[in-house]
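Visitor: I should like to examine one part of this structure closely, beginning with a single residue and its contacts. Please then extend the account to charged pairs and to one helix.

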Amino acid sequence: MTKQIGSLAAGKVVQRITASAAFDATQIRTQNAAADLAERGEPVVYPAVNVYCEKIVNGLTEKFRRFSGTLQMGIEVRHSQDRLAGLQDRLEVSVDSLMQTLDTARGDWGDGMYYAGGYQAAFTAAKQGGKNYLQTAKITFEIGVSIS
């Protein structure tokens, strides 16, 4: 189970995002891929959301558990449009929606996972890409895990 723990956690995050009705399944992927690579694959629907596990830490905080630690998760939001004006505003609306989803998702997530709250959001500068201009934001947070 520990080798699939990152994918399981990403799936739980996606469930919460789609349940909030702010994004639909066509906008969400569970992968960590650069924007230019993602655009070469399948068609991208903006704003695009990528959910992935960045880091797995088995700190053995509970000594007799197989896994007892944290997962650092990342949600990357990419927004693209043909004009630079309003790009950051639209990206901020998407990020705010995701942060509200996390605010309401505190507690037990099942399968030995829990979210205590807290996150960080970082924004990048707009650049060429996507439909002409592309800007990205990344939300990082930790999920606690305790598995026998």
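Guide: Tyrosine 133 belongs to strand E8, which comprises residues 132–147. The model in which this residue is viewed is a predicted one. With a relative accessible area of 26%, tyrosine 133 is partly exposed, because this value lies between the 20% limit for buried and the 50% limit for exposed residues. Leaving aside residues up to four places away in sequence, tyrosine 133 touches His79, Ser80, Gln81, Asp82, Arg83, Leu84, Leu87 and Lys127. For one of these partners, histidine 79, the C-alpha to C-alpha distance from tyrosine 133 is 8.4 Å, although 54 residues separate the two in sequence.

In the sequence, arginine 78 comes just before histidine 79. Arginine 78 forms a salt bridge with glutamate 76, and the closest N and O atoms of this pair are 2.4 Å apart. Glutamate 76 and arginine 78 are both buried.

The charged pairs may now be taken together. Side chains of opposite charge can pair when their charged atoms come close. The whole structure contains 5 salt bridges. One of them joins the side chains of lysine 12 and aspartate 111, at 3.0 Å from N to O. This pair connects distant parts of the chain, since lysine 12 lies in helix H1 whereas aspartate 111 lies in the loop between strand E4 (107–110) and strand E5 (113–115), 99 residues apart. Lysine 12 has a relative accessible area of 9% and therefore counts as buried, the limit being under 20%. Aspartate 111, at 46%, is partly exposed.

A further salt bridge is formed by the side chains of arginine 106 and aspartate 103, with an N to O distance of 3.7 Å. This distance qualifies because the criterion is a nitrogen within 4 Å of a carboxyl oxygen. Aspartate 103 is partly exposed, its relative accessible area being 32%.

Lysine 12 leads back to helix H1, which covers residues 5–19. The expected span of its 15 residues, at 1.5 Å a residue, is 21 Å, because the rise is multiplied by one less than the number of residues. The end C-alpha atoms are 21 Å apart, in agreement with that expectation. Within H1, the buried residues are Ile5, Gly6, Ala9, Ala10, Lys12, Val13, Val14 and Ile17. Alanine 21, which follows H1, has a positive phi, near 70 degrees.

Key
Residues are numbered from 1 along each chain as its sequence is written. This is a predicted model: local features need pLDDT of at least 70, side-chain atom pairs count only at pLDDT 80 or more; totals for chains, interfaces and linings use all residues. Side-chain values use heavy atoms; hydrogens and water are left out. Helices (H or I, at least four residues) and strands (E, at least two) are DSSP runs, numbered from the N terminus. Buried means under 20% relative accessible area, exposed over 50%, partly exposed in between (1.4 Å probe, protein chains only). Contact means heavy atoms within 4.5 Å.
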